[in-house]
Amino acid sequence: MQSIFAQTAYSSDEFWLPYNQVCLSVLCEGSLIEITEEGPKQSYYILNENSLLKLNKNSVLVEEMAVVKWKKISRFVECIESYCFGFKLVGKSTHRTFYVENQYELDKWVLNLSFVGIMENISADYFFVEELGKGSFSRVFLAVENTSQKKFAIKCIQKKDLLRRKNGLSHIINEIEIVRKLDHPNIIKLHKVYEDIDYVYLVLDYIEGKDLHKRLQTKNYSEEAAFFFVQKLLKTVDYLSSHNIIHRDIKPENLILESMDNDIEFKLADFGLAIEGSKNIEGKCGSLGFVAPEILKEQKYSSNVDVFSCGIVYYTLIAGHTPFKGKNHKEIYFNNAKCNINFKEKCWAKISIAVIDTIQVMTKADPHLRPSAKKVLRNNLFKTVTNSQESIDDSLNNERAQENLGENKWILEKMAERNYQYMYNQDQIYLMHYLSVMFIWNTYWLYRNQYLNNFYPI
Ligand SMILES: Nc1ncnc2c1ncn2[C@@H]1O[C@H](COP(=O)(O)OP(=O)(O)O)[C@@H](O)[C@H]1O
Ligand SMILES: [Mg+2]
């Protein structure tokens, strides 16, 4: 079976290539044996995040390298001469077979190769339990790893669908390459990639709490919970921008909550439309209702399209739906492109002006007026609350800080004490000011009249 990844730019016709790499971190190293016509040949090899390096016999210099990324890895136990344990690396039109001394060495090499290449025979390694969710291009299942009994989420993408879609192959390659590179507490982790005749499988962290779209069907977010959620989301987008990555599909279905009883901790998933770059990006993609208008208008765009989607998520958390309504696809498309967002609904009456202002800034139709995630985090609303939160965090003792669930509740209570202005909406503050001025004015007149009466009794 020809791997769909064999067509990538990395897949060369030659197995061994001249060494031309900067230093990458080492995953594992040791002796491997190749059976050649002249008999078994042992050499020293190093596996890094990208390639297998073959060292020169008499020195520590790298002689040749093979790009392992996108090569298929198949392990076997089959005795040739006195060697039994081995693995095969299969490239576009070439392959190589390596033997190791024992089972332990084989497990070590295959495990580390699985972080870089493409594995086969998923059913030998995982037991599929139930469906967790369905996306536009995939089905995601809960599965248990046979060796460790640990739970994982496996995203299954049909190759037929992938090849039928415009840029389908480059999307899956981007998704794998980008997620493998990222390391952030709010971004889903990709452990391994498998491929068989019909499917590509992404083995991901299993996140228990269901996606935000499902959570919003049962409850809306309070102002405080929405604030914390969006603050984390903006920090995640800022991390992506600092790695020159745009997600391009931030929406509730792609935000998975850590647990059923926590509304704030989440992981950003589905990097199927993600792209490397920051400016002058082309390509119409995203999800209607959350996509930035410049994408719909087929203009070139930059990383702040993700900020727009975060702004719509902020709106959706409070209102329970996106601001772009319509009876059909055409109407929603029109409203999304026009970007007319109103806050007339009843739920907005009790939300502070600062929050509404922030959503308006994040969802500016003109991308030149829309700030980056970093700038939004520096905006008054996030800045003030972040500073108070940091000072509260400092005062948290370690034990308390580790109680993840209790922590959010506790910070919210502390914030209610310290940042009362964010707990009242602007109208309530005006009313309080008005009442205090009226009280002072009336008291003054009362005393004045009494004083004058004393001098000029009628
Ligand atoms: N790691 C995961 N843990 C739990 N559920 C998940 C996980 N990844 C995805 N899901 C569920 O599967 C759905 C589809 O996954 P997604 O990656 O968005 O696929 P697609 O690219 O097809 O949209 C998500 O909306 C979510 O409900
Ligand atoms: Mg999705």
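Of the 458 residues in the protein chain, 31% count as buried. Keep in mind that this is a predicted model. The chain is built from 16 helices and 17 strands. If you look at contacts between residues at least 6 apart in sequence, 60% of them join residues at least 24 apart.

**Around ligand 1**

Let's start with the ligand. The shell around ligand 1 holds 22 residues, and those that come nearest are Gly 133, Gly 135, Val 140, Ala 153 and Asp 270. Three elements give two or more residues each to this shell, namely β9, β11 and β13. The top contributor is β9, with three residues. By chemistry, the shell splits into 10 nonpolar, six polar and six charged residues.

Where does ligand 1 lie relative to domain 2 and domain 3? Residues 122-205 make up domain 2 and residues 212-378 make up domain 3; both give residues to the shell, so ligand 1 lies between them.

Here are the bounds of the strands that give two or more residues to the shell:

| Strand | Residues |
|---|---|
| β9 | 126-134 |
| β11 | 151-158 |
| β13 | 199-205 |

**Helix α4**

Next up is α4, which runs over residues 168-181. At 1.5 Å a residue, its 14 residues should span 20 Å, and the end C-alpha atoms are indeed 20 Å apart, so the two values agree.

Which residues of α4 are buried? They are His 171, Ile 172, Glu 175, Ile 178 and Val 179. These five cover an arc of only 140° around the axis, which means they sit on the same side of α4. Over on the other side of α4, Ser 170 and Lys 181 are exposed.

As for what the buried residues pack against, the partners are β11, α3 (159-164), β12 (190-195), β13 and β14 (245-246). Two of those names will ring a bell: β11 and β13 also give residues to the shell around ligand 1.

**A look at Ile 46**

Now for a single residue. Ile 46 belongs to strand β2, which covers residues 39-48. Is Ile 46 buried or partly exposed? It has 18 C-beta neighbours inside 10 Å, and being buried takes 20 or more, so Ile 46 counts as partly exposed.

Setting aside neighbours within four places in sequence, Ile 46 is in contact with Val 26, Glu 29, Leu 53 and Leu 55. Take Glu 29 from that set: it is 17 residues away from Ile 46 in sequence, yet the C-alpha atoms of the pair are 4.3 Å apart in space.

Methods:
Residues numbered from 1 in each chain as written. Chains lettered and ligands numbered in written order. Predicted model: local features only at pLDDT ≥ 70, side-chain atom pairs only at ≥ 80, totals over all residues. Near = placed C-beta within 6 Å. Helix = DSSP H or I, 4+ residues; strand = E, 2+ residues; numbered from the N terminus. Nonpolar A, V, L, I, M, F, W, Y, C, P; charged D, E, K, R; others polar. Domains from an automatic or database assignment. Expected span 1.5 Å × (residues − 1). Buried ≥ 20, exposed ≤ 12 C-beta atoms within 10 Å, placed from the backbone. Arc of directions from axis to C-beta. Contact = placed C-beta atoms within 7 Å.
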